[in-house]
Amino acid sequence: MTCSCLFLFIWTCMLHVIELIPLQERMNRYLQKEKTLDLSEDHGKMLRRTKRGWMWNQFFLLEEYTGTDTQYVGKLHTDQDKGDGNLKYILTGDGAGSLFIIDENTGDIHAAKKLDREEKSLYVLRAKAIDRKTGRQVEPESEFIIKIHDINDNEPKFTKDLYTASVPEMSGVGTSVIQVMATDADDANYGNSAKIVYSILQGQPYFSVDPESGIIKTALPDMSRENREQYQVVIQAKDMGGQMGGLSGTTTVNITLTDVNNNPPRFPQSTYQFNSPESVPLGTPLGRIKANDPDVGENAEVEYSLVEGDGADMFDIITDKDTQEGIITVKKQLDFEKKMIYTLRVEASNIHPDPRFQHLGPFKDTAGIKISVEDVDEPPFFSKPFYLIEVDEDVKEGSIIGQVVAYDPDAIKNLVKYSVDRHTDMDRIFNIHSANGSVFTLKPLDRETYPWHNITITATEINNPKQSSHIPVFIRILDINDHAPEFAKYYETFVCENAKPGQLIQTISVMDKDDPPRGHKFFFEPVPEFPLNPNFTIVDNKDNTAGILTTKDGYSRHKMNIYLLPILIFDNDYPIQSSTGTLTIHVCACDSQGNMQSCNAEALILSAGLSTGALIAILLCILILFILVVLFTALKRQKKKEPLIISKDDVRDNIVTYNDEGGGEEDTQAFDIGTLRNPEAREDNKLRRDVMPETIFQIRRTAPLWENIDVQDFIHRRLKENDSDPSAPPYDSLATYAYEGNDSIADSLSSLESLNADGNQNYDYLSDWGPRFKKLADMYGGDDSDRD
């Protein structure tokens, strides 16, 4: 180590001396002066040449200087400098004044601080010399470079502190795993400071590394993941070409061997045994087996299958994808009485074999399986999954219509009894013999009501009632022709008065509740009692319809407005059923196109009725009448109640219109129609309505009307209210007498026979009748001159 340091020190000093010699020579070299010609436009002076006083290219400086004094860089000098101190040297540029200091009198440049080439490898500066007295530059400003020379002060560094890689197991020697890379901050163009060499410190003899590229490779053949999966490799990078004295750095590489399918599955035992009750449902798991495979992932996926044995058709095996186990399940119903032990052979094989490792042996294995069936007490077993019974609907009560059969599958062969589940036969239409399973009827059947009956039969062991089975029984009721055909609907038929012979007035169709297997076929004929009808005839259309035709020219509704036509209808099934339907035919007046216009009252009601327009018109009339009544009542309430007769001398007091002969003196007080009809019921205190009452009545509030009161009741209430109000109009003497009344002392006042008298009639007797007839007495009882 001491020799190494001594060698480095001598080499550095020699490099510094070699670099400084040409610097001193350049500092003392004077360039030839160049003449500069100045041309003046006015005076035409001659051109003269001026020489350059200094020139240099670059200085060199060693980095990481560790001496006690400042490091000398170089010297600036001009031939204009006479040594008298009149010139001043000035340095500007990168690091001037801080990193690099110049003696302004001598031009010596020193480095004030330790420099690092990795931070900055060169500095560009400018120098100039000026006259202290005049401040004039004696030399033009010139640029120079200070370049930092590298030393090996940086160790190699890897791009990652930790690498992760993988390589398949069983790989051959020299298989590339991963490439690591280190960098060195030193100058790669100067010496060997940045020349890196890789080596492996840990991980041998399994892996190796290429010294120049850093590629890690396998070094042993057929490394097995099952033996060891993880490896940690330490790689070193060293500069100076790996020579002694170089700096180094390390990194760690974690290498994983990935799995390949190089191991076949193997059963841990050669035979497996399972037990199963005979009553287990289909698909029930009986047990699990597993063939071990050291591989992982898809390389360890195993498929199981039954390859041979006497129970291959009774059982099945499936693979659990999560655990890679084989699950044995029941495929068919087991029966202890038929077979008690089954022997199987199962095979386990890899799903994804690798052809490269077929030489390692077959990638499958087999094992034996023995399954023992256990006996259990089973419920009765029916001979069929369901029963279908067909029976005619006219079967008699108590008739046997079918039979179900069940037996005990156990070796004991217990007796079985049968019963009907009454939840499926609430009406108790059927029953079953408990011993032999014969099904019989309890009530009559009707296909038209219930064409199907679905009941459930239960079979139970007599010795063990807990063991029972159920079976559905579907009972279909077969049709018997027990219904006669009848009209499909009610027909409203009419014939025009102007009908011609052979005119079709109606097409009729029929219906039948029965459902014959060959379909319906109906026939139409006149009833035997009236084989020939002089008015109408029946024509069978042969398609289960019939047409009604006229047989005479014209009909008269005044002579006969309704015809009854009986029609005999029968079917073609056995036994034949028939019925008689009567068609009512109305005679109506029609237009030339045969459209009905009018019939008799009954026909009009049946056929026409009220049209929609007529109903709307009636409703509108009722609505308008109601609105008028409401408006009249509202106006009457708002009218000011004041007497129509203001003065006793009003001429209207003497205007009386008699539509009937008066009732005498008794009728002049109250013009109440009720009193005239029944004079004994007259009220003495009845107020008069032809004069304003003297007593001021308070306004009475009318009783509130209900919302649903009808119009007639509303009008009657308003009439009664106004009749009982003495302050309400009218105040006139207009009265209508519907009753003459009693106690009249006057004879007839009629003058119809006055023209038949020979002479003038004497009316003097009018003055004897009292003051009430004074007006008449004055008009007729006076002299002729007065009358004129």
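Two strands count as paired here if DSSP finds at least two bridges between them. Keep that in mind as you move through this predicted model.

**Stop 1: the sheet**

Select residues 387-392, which make up strand β27. Now add β34, residues 468-478. β27 and β34 run parallel and are joined by six bridges. Zoom in on D392. Opposite D392 stands L478 of β34.

Next, bring in the rest of the sheet. Its order is β27-β34-β33-β30, four strands in all. The sheet is open, and its pairing is mixed. Strands of a sheet pair through backbone hydrogen bonds, either parallel or antiparallel. Which strands lie at the edges? Select 387-392 again for β27, then 416-420 for β30. Each of these edge strands pairs on one side only. Rotate the view and follow the twist, which averages 30° from one strand to the next.

**Stop 2: the C496 and C590 disulfide**

Turn to the cysteines. How many disulfides does a search of the whole structure find? There are two. A disulfide is a covalent bond between the sulfur atoms of two cysteines.

Select C496 and C590. Their sulfur atoms are 2.0 Å apart. The torsion about this S-S bond is about -85°, so the disulfide is left-handed. Colour the two strands involved: C496 belongs to β36 (residues 493-496), and C590 belongs to β42 (residues 578-590). The bond links distant parts of the chain, with the two cysteines 94 residues apart. Switch on a surface to check the setting: both C496 and C590 are buried.

**Stop 3: the C588 and C599 disulfide**

Stay on β42 and select C588, which lies in that strand. Its disulfide partner is C599, with an S to S distance of 1.6 Å. Look along the S-S bond of C588 and C599: the angle is 110°, and the link is right-handed. C599 sits in the loop between β43 (596-598) and α2 (601-608). C588 and C599 are eleven residues apart. Buried or exposed, this pair? C588 is buried, and C599 is buried too.

Now show both disulfides together. Counting bonded cysteines along the chain, the pattern is 1-3, 2-4.

**Stop 4: C621**

Finish on one more cysteine. Select C621 with the surface still on. C621 has a relative accessible area of 53%. The cut-off for exposed is over 50%, so C621 is exposed.

Conventions
Residues are numbered from 1 along each chain as its sequence is written. This is a predicted model: local features need pLDDT of at least 70, side-chain atom pairs count only at pLDDT 80 or more; totals for chains, interfaces and linings use all residues. Side-chain values use heavy atoms; hydrogens and water are left out. Axes are lines fitted to C-alpha atoms, for helices over the stretch in contact, and angles run from 0 to 180 degrees between N-to-C directions. A disulfide is a pair of cysteine sulfur atoms within 2.5 Å. Buried means under 20% relative accessible area, exposed over 50%, partly exposed in between (1.4 Å probe, protein chains only).
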